[in-house]
Amino acid sequence: MYTVTKRIEVSGAHCLRLPYESKCTRLHGHNWIIDVTCRREELDANGMVVDFTHIKDVVMKLDHAFINDIVKTNPTAENIAKWIHDQIPFCTRVSVQESEGNVAIYED
């Protein structure tokens, strides 16, 4: 089994849709640290699990963006992780750190 992981930092803004009072419902931003892991039993014809550039291209859609416009569900760190996962073939795990001590992980 082959595994690759790419770490990327992006700056993005969002506001959450919550049914209770929270400062997170106001527009705010984070310097997100995102780790994407992909696994595959056999390498492709180029000798890769997934091209690191493809992973970067997907994650960089969030850089300097209003994430609500990209992630159509409530843009929590959990939903951002799932959105990234669904865009990348052979992706098995996405970790989204929105601040020190706050990390959301989606894995299958």
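**View 1. His14 sits in strand β1, which covers residues 2-14.** This close-up comes from a predicted model, so let's start with a residue that is well tucked in. With a relative accessibility of 1%, His14 is buried, since the cut-off for that label is under 20%. Plenty of residues from elsewhere in the sequence touch His14: Arg26, Leu27, His28, His30, Trp32, Phe66, Ile67, Asn68, Pro75 and Glu98.

**View 2. Three histidines share a "binding site" annotation in UniProt.** The unreviewed UniProt entry lists His14, His28 and His30 under this feature. Although these residues span 17 positions in sequence, no two of their C-alpha atoms are more than 8.5 Å apart, so the histidines gather at one spot. His30 belongs to strand β2, residues 28-40. At 16% relative accessibility, His30 also counts as buried. Beyond its sequence neighbours, His30 contacts Val10, Ser11, Gly12, His14 and Glu98.

**View 3. Cys24, His64 and Glu98 carry the "active site" annotation in the unreviewed UniProt entry.** Here is a good place to look at the surroundings of two of these residues. Cys24 is located in the loop that links β1 and β2. Its relative accessible area is 26%, so Cys24 is partly exposed. Setting aside residues within four places in sequence, Cys24 touches Cys15 and Leu16. His64, in turn, is in the loop between α1 and β3, the latter being residues 65-66. A relative accessibility of 68% makes His64 exposed. Away from its own stretch of sequence, His64 meets Ser11 and Gly12. Glu98 can be found again among the contacts of His14 and among those of His30.

**View 4. Five strands form an open sheet with mixed pairing.** Reading across the sheet, the order is β3-β1-β2-β4-β5. At the edges are β3 and β5, each of which pairs on one side only. Strands β2 and β4 run antiparallel and are joined by 6 bridges. To pick out this pairing on screen, find Thr37, whose bridge partner in β4 is Arg93. Helix α1 packs on the sheet, where it touches β1 and β2, and its direction makes about 20 degrees with that of β1.

**View 5. Helix α2 lies across β2, β4 and β5.** Relative to β4, helix α2 runs at about 145 degrees. Which residues of α2, spanning 77-87, are buried? They are Ala77, Ile80, Ala81, Trp83, Ile84 and His85. The cover over these buried residues includes β2, α1 (52-59), β4 (91-99) and β5 (102-107).

**View 6. Helices α1 and α2 pack against each other, with their axes 10 Å apart.** The angle between the two helices is about 140 degrees. The two are therefore oblique to each other, and their crossing is right-handed. On the α1 side, the contact is made by His54, Val58 and Val59, while α2 brings Trp83, Ile84 and Gln87. Two of these α2 residues may look familiar: Trp83 and Ile84 are also among the buried residues of the helix.

Note on methods. Residues are numbered from 1 along each chain as its sequence is written. This is a predicted model: local features need pLDDT of at least 70, side-chain atom pairs count only at pLDDT 80 or more; totals for chains, interfaces and linings use all residues. Side-chain values use heavy atoms; hydrogens and water are left out. UniProt positions are given in the numbering used here, feature names are shortened, and annotations may be inferred rather than shown by experiment. Helices (H or I, at least four residues) and strands (E, at least two) are DSSP runs, numbered from the N terminus. Buried means under 20% relative accessible area, exposed over 50%, partly exposed in between (1.4 Å probe, protein chains only). Contact means heavy atoms within 4.5 Å. Two strands pair if DSSP finds at least two bridges between them. Axes are lines fitted to C-alpha atoms, for helices over the stretch in contact, and angles run from 0 to 180 degrees between N-to-C directions. Angles under 35 degrees count as roughly parallel, over 145 as roughly antiparallel, 65 to 115 as roughly perpendicular and the rest as oblique. A crossing is left-handed if the near helix is turned anticlockwise from the far one by less than a right angle, and right-handed if clockwise.
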